[in-house]
Amino acid sequence: MDQYCRYSTLTNRTITISGSTFSSLEWTSIAWGGGLTLAAPILAFISFHINGHFQTLITAIATGVGVFFCLPVGLFKTTKIFIPYIAAIVAAITVASATHTHHLGLMARACLGPGQTLKKLTLFSTKQGVSSWLSLYATVAGCLGAAIVSSFTYHMLRDPKDSEHQFISLWIVSIFCGLVWLVGALHAFTAENRTSSSVPNVLSSRFNLFSVFKYPYAIGGLVAILLSSFATMSIFTGGVLYIVGQLCIKPVHLLYFWLTYFLFPLASLPLLQPLQHLIKANAVKMKILGFFLSLISSGFGFYFWNNHWKWGHLLVFGAIQGTASGLVHTFGRVLVLDSAPSGEEGAFSVWYSWLRGVGLCGGFTVGSVVPGKVKTSFGAAFCSAIVGIVVLLFGKENDFGGAVREGHETRSRDHPGALNSKESFSV
């Protein structure tokens with residue numbers, strides 16, 4: 001089995017910069033953090049324009065920057081160049097994620113139509129309908145794309161002959177990802193007409209980046225997103241390094257693990273939606289379910305880390321954690337979008353995208369800087385999931401009360417506990 005332990009190139013400190021040595025994973029973490037730092041002022045700047053007619057232009061530019069930096073990466077073989085390259089790609093992804101999340105919110109409001117009462121809004125957009133439905137199937141599509149990329153990456157690297165062959169193969173993978181992303185740029189040229197014709201008053205409004213802090217229950221949702229992103233990435237990164245570096249499984253089995261992780265949510269997430277409707281669970285409860293599944297996978301991984309996992313254990317681990325990641329991502333986005341008042345979806349989307357990126361970067365760093373010590377990454381993920389559940393239980397109000405506080409609806413003066421029948425949710 002030891003013949004399959006080929007992750008030393010990732011964990012050995014082979015990159016020397018100014019007398020300091022770094023591993024490839026540490027170098028990637030530094031570049032990732034640099035990308036998030038670069039994205040912060042960009043997001044702050046575009047936050048005043050994302051709600052207007054510049055949304056399409058911002059999406060197109062962010063996508064174009066990401067594609068540009070994906071395609072020619074193989075022309076440079078020095079490790080120093082990868083810091084600005086990865087940083088630029090991370091910044092582009094973060095900005096594009098913010099614009100796509102904002103557009104998703106506008107799509108949900110457009111599907112609801114004008115004049116919806118809060119009762120219908122709550123039942124339709126959170127528990128049984130638009131926001132969760134759109135976010136869930138967007139996540140499913142993302143899982144399918146991740147499975148395709150992971151399969152192509154394995155195909156290119158399955159039989160590396162030398163370092164030169166590995167470098168060229170990774171360049172081809174980067175080009176493939178850039179071309180796929182370029183195809184996705186078509187969305188930027190079709191989104192404006194759909195949104196501007198559906199919700200013109202939302203697009204014409206302006207907002208303050210820090211207006212999100214006026215809504216404490218939205219802050220609870222954002223904190224939960226930060227914690228869930230950290231937990232899922234910490235489990236995934238630490239788990240993969242443990243599987244490759246300590247279990248020393250065959251490379252093809254690693255591919256099967258990846259495919260289970262990314263493809264199982266294609267079936268599990270849609271099947272959970274009828275269950276959500278049956279038990280009338282809102283987005284908070286569904287995200288707590290995702291945290292709970294992360295607790296199971298990280299807890300068992302922490303406790304049985306010293307045992308020799310069999311192939312069936314890996315499949316179960318991948319299925320549970322893949323579903324958990326899909327749930328926290330899907331309903332974390334729903335929490336943010338449902339908390340955003342009309343016209344302020346942009347500010348909430350910006351914070352969502354950046355905090356999610358920070359959580360993913362933190363989880364990757366924790367999972368990769370201590371290779372061979374999987375208890376650290378699993379333990380950190382377990383604690384994060386517990387804190388995330390506490391935040392959701394005590395920091396996020398129910399849909400009805402939260403919507404009233406966020407300004408979606410007002411209560412009747414004569415009947416404080418009832419809705420004013422003359423006022424309705426309007427897009």
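Visitor: How do the residues lining the second largest pocket divide into nonpolar, polar and charged?

Guide: This is a predicted model. The second largest pocket has a volume of about 300 Å³. Among its 16 lining residues, those closest to the centre are Ile 42, Ile 46, Ile 58, Ile 61 and Val 95. The full lining divides into 15 nonpolar, one polar and no charged.

Visitor: Which helix gives the most to the lining of that second largest pocket?

Guide: Helix 2 (24–46), helix 3 (55–70) and helix 4 (82–112) each supply at least two residues of the lining. One of them gives the most, with six residues: helix 3.

Visitor: What secondary structure does the protein chain have?

Guide: The chain holds 427 residues, and buried residues make up 52% of them. Take contacts between residues at least 6 apart in sequence: 81% join residues at least 24 apart. The secondary structure comes to 16 helices and two strands.

Visitor: How many residues apart in sequence are the parts that Tyr 242 and Trp 309 tie together?

Guide: The structure holds 16 aromatic pairs. Tyr 242 and Trp 309 form one that is edge-to-face, at 5.2 Å centre to centre and 65 degrees between the planes. Both residues are buried. Tyr 242 lies in helix 10 (residues 216–245) and Trp 309 in the loop between helix 12 (283–303) and helix 13 (311–339), so the pair ties together parts separated in sequence by 67 residues.

Visitor: What is the angle between the planes of Tyr 261 and Phe 262?

Guide: Tyr 261 is buried, and so is Phe 262. Ring pairs link both of them into a cluster that includes Tyr 242, Trp 309 and Phe 378. The rings of Tyr 261 and Phe 262 are edge-to-face, 5.2 Å centre to centre, and the angle is 90 degrees.

Visitor: Which helix supplies the largest share of the largest nonpolar core?

Guide: This core has 23 residues, and Met 286, Phe 291, Leu 327, Phe 331 and Leu 392 touch the most other members. Helix 6 (130–157), helix 10, helix 11 (251–279), helix 12, helix 13 and helix 15 (374–395) each supply at least two of its residues. The largest share, seven residues, comes from helix 12.

Visitor: How many residues are in the second, separate core?

Guide: In soluble globular proteins, nonpolar side chains tend to be buried together. The second core is separate and includes Ile 46, Leu 209, Tyr 215 and Ala 347. Ile 46 is also among the residues closest to the centre of the second largest pocket. The size of this second core is 21 residues.

Visitor: Is Lys 280 buried or exposed?

Guide: Lys 280 lies in the loop between helix 11 and helix 12. Its phi is positive, about 55 degrees, although it is not a glycine. Exposed means over 50% relative accessible area. Lys 280 has a relative accessible area of 56%, so the residue is exposed.

Visitor: How far apart in space are Phe 68 and Leu 179, C-alpha to C-alpha?

Guide: Phe 68 lies in helix 3. Phe 68 is exposed, with a relative accessible area of 54%. In sequence, Phe 68 and Leu 179 are 111 residues apart; in space, C-alpha to C-alpha, the distance is 9.8 Å.

Note on methods: Residues are numbered from 1 along each chain as its sequence is written. This is a predicted model: local features need pLDDT of at least 70, side-chain atom pairs count only at pLDDT 80 or more; totals for chains, interfaces and linings use all residues. Side-chain values use heavy atoms; hydrogens and water are left out. On a 1 Å grid over the protein atoms alone, a cavity is a set of points where a 1.4 Å probe fits but cannot get out, and a pocket is an open set with protein on both sides within 12 Å along at least five of seven lines; lining residues have an atom within 4 Å of a point. Grid points are joined across faces, edges and corners, and a volume is the space filled by probe spheres set on the points. Helices (H or I, at least four residues) and strands (E, at least two) are DSSP runs, numbered from the N terminus. Ala, Val, Leu, Ile, Met, Phe, Trp, Tyr, Cys and Pro count as nonpolar, Asp, Glu, Lys and Arg as charged, and the others, Gly among them, as polar. Rings of Phe, Tyr and Trp (its six-membered ring) pair if their centres lie within 6.5 Å; planes under 30 degrees apart count as stacked, over 60 as edge-to-face and the rest as tilted. Buried means under 20% relative accessible area, exposed over 50%, partly exposed in between (1.4 Å probe, protein chains only). A nonpolar core is a set of buried Ala, Val, Leu, Ile, Met, Phe, Trp, Tyr and Cys residues joined through side-chain atoms within 4.5 Å. Contact means heavy atoms within 4.5 Å.
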